[in-house]
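Colleague: I'm new to this one and would like a close look at a single part. Could you pick out a helix with something odd about it and walk me through its surroundings?

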Amino acid sequence: MKGLVGLLIAGTVSKVGSVLTFLAIPWLVLVTTGSPARMGLAAAAELLPYVLIGPLGAPLVDRIGPRRVSIVADLASAAVMAAVAFGQRGGFGVLLVLLVLAGALRGLGDCAKRVLLPSTIAASGVDMTRATTVYDGVNRLAGLLGAALGGVLIATLGAPRTVLLDGVSFVVCALLVAALVPARSAVTAADAPPPEPYLTALRGGVDFIRGDRLMLGILAMLFVTNLADQANAAVFVPVWIDEVLGSPEALGWVSAAFGLGAVLGNLVFTALAPRAPRYAVFTIGFLIGGSPRLAVMALSDDLTPALVAAFASGLAMAAVNPILAATMFERVPAHLQARVLSLSNAIGFAGIPLGGLLGGWAVEHIGLTPALLVFGACYLGATLLPVLSPGLWRQLDRRPAAAPHPRDAQPDGPMASAGAAATASVNLR
């Protein structure tokens, strides 16, 4: 149990630190360069290597061991974030290089922690869906706290010192994993599979996803919904508030309404998770929490319906991530988990940068209301996939007959036999 508690605490600290950096780095770039375009470039410099390093680095996580990689990546990230805090002294080019390195290290550390999480849950004896629900709730709450704290810290300490606090959070995460997440005991060489060549290991992850129809359906849905969510958050909501309300304060109200609904929904689902029908909860949650938000903004010029829709969306969507996480925990074989889940994250995240670009293009060329309706229709189409193929998607309800074999009995190195505990695409950062 102490390993799970350690990862939960590490997740809280990590999420708060990540939100601080998410707010502080754009502000740091703005005050040092005065260029909004460079703000976007800085964000891309960290996001792109973060997305790419997961699938590319997964075979290394398998070979070296997730616990070691997690600790080393976090300690290295702490040093890089300290350099980022004062990187503007070397010019914008130096800052970009540091942000690329920061994104790569953050992605590698997250990949390792995703591999650690399912075995830690299995060893704790906690129901898988309940554990992923608690973990998701802790991350959402930490995100709200980090957002509230970030503005205050940037105003009082300045952006560089706020970024330094994220560096401190990396050190705390490394210490928590080292102290509380147990190293696995050694087994004989005969019990462990031989290390695979790098390209063979990468191909193994691709082949698994291609051969699993439910996984392909999940990734297709996540690509579209992440794209639409990013377009909504980054473009539609700010433009709608500016055109309809003319008050930037409402931006925080919409975000807070969604966050409050998500936290409350998470508390409810934590109690119901072991007995809840996953397929029904997942399908209904996505249908309620997805496209209606966009439709309300398209058809209304009043803030109150938008806040109600945002709150209802957060409430309905609270169970979606935990169900997906638990399903992947149980579905992906242990020896493939790092590469499969990192590749899954990369595919799902690929919709995020596209969402902002396509959302901005749509508003500029067809107008806000048509754009909201078009993206809302795409969102609805994606979330109808479980309804159109119920036989496939009801596999979400298949729970393992027995608890997965704890991977604590394996060495902190190459993965052991197929069929052991699986993992899910849950981010600590």
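**A closer look at helix 8**

Modeller: Let's take helix 8, which has a kink of about 45 degrees centred on Asn232. Keep in mind that this is a predicted model. The helix runs over residues 213-245, 33 residues in total. From its first C-alpha to its last it reaches 44 Å, close to the 48 Å expected at 1.5 Å a residue.

Now for the two ends. At the N-terminal end, Asp212 acts as a cap, with a side-chain oxygen 3.1 Å from the backbone nitrogen of Leu214. At the other end, helix 8 is followed by Gly246, which has a positive phi, near 65 degrees.

Stay with Asp212 for a moment, as capping is not the end of its story. Its side chain also meets that of Arg331 in a salt bridge, at 2.8 Å from N to O. Arg331 sits in helix 13 (residues 320-331) and Asp212 in the loop between helix 7 (198-210) and helix 8, so this pair ties together parts that are 119 residues apart in sequence. How buried or exposed are the two partners? Asp212 counts as buried because its relative accessible area is 9%, under the 20% cut-off. Arg331, at 26%, is partly exposed.

Helix 13 brings in another pair as well. Glu330 forms a salt bridge with Arg278, 2.9 Å from N to O. That one links Glu330 in helix 13 to Arg278 in helix 10 (residues 278-289), 52 residues apart. Here Glu330 is partly exposed, with a relative accessible area of 25%, whereas Arg278 is buried at 2%.

Back to helix 8 and its nonpolar side. In general, nonpolar side chains tend to be buried together in soluble globular proteins. In this model, the largest nonpolar core has 51 residues, and helix 8 gives the most to this core, with 14 residues. Which residues have the most contacts inside the core? They are Met215, Phe236, Phe282, Phe375 and Trp393. Of these, Phe236 is a good one to zoom in on. Leaving aside neighbours within four places in sequence, Phe236 is in contact with Ala231, Leu294, Met297, Gly359, Val363, Leu368, Ala371, Leu372 and Phe375. Phe375, then, is on the list of Phe236's contacts and is also among the residues with the most contacts inside the core. Apart from this core lies another, of 22 residues, including Ile25, Leu95, Ala102 and Phe170.

To set the charged pairs around helix 8 in context, the structure holds 7 salt bridges. One of them joins Arg106 and Glu46, at 3.1 Å from N to O. Arg106 belongs to helix 4 (residues 92-124) and Glu46 to helix 2 (residues 36-64), with their places 60 residues apart in the chain. Both partners are buried: Arg106 has a relative accessible area of 8%, and Glu46 comes in at 15%. Asp166 joins them too, as Glu46, Arg106 and Asp166 are linked in a network of salt bridges.

So where would I start on screen? Find the kink centred on Asn232, then go to Asp212, which caps the N-terminal end of helix 8, and follow its salt bridge across to Arg331. After that, Phe236 will take you into the largest nonpolar core.

How values were computed. Residues are numbered from 1 along each chain as its sequence is written. This is a predicted model: local features need pLDDT of at least 70, side-chain atom pairs count only at pLDDT 80 or more; totals for chains, interfaces and linings use all residues. Side-chain values use heavy atoms; hydrogens and water are left out. Helices (H or I, at least four residues) and strands (E, at least two) are DSSP runs, numbered from the N terminus. The expected span of a helix is 1.5 Å times one less than its number of residues. The bend at a residue is the angle between axes fitted to the seven residues ending there and the seven starting there. A polar contact is a pair of N or O atoms within 3.5 Å; within protein, one must be able to donate a hydrogen and the other to accept it, and residues adjacent in sequence count only if both atoms are side-chain atoms. A salt bridge is a side-chain nitrogen of Lys or Arg within 4 Å of a carboxyl oxygen of Asp or Glu. Buried means under 20% relative accessible area, exposed over 50%, partly exposed in between (1.4 Å probe, protein chains only). A nonpolar core is a set of buried Ala, Val, Leu, Ile, Met, Phe, Trp, Tyr and Cys residues joined through side-chain atoms within 4.5 Å. Contact means heavy atoms within 4.5 Å.
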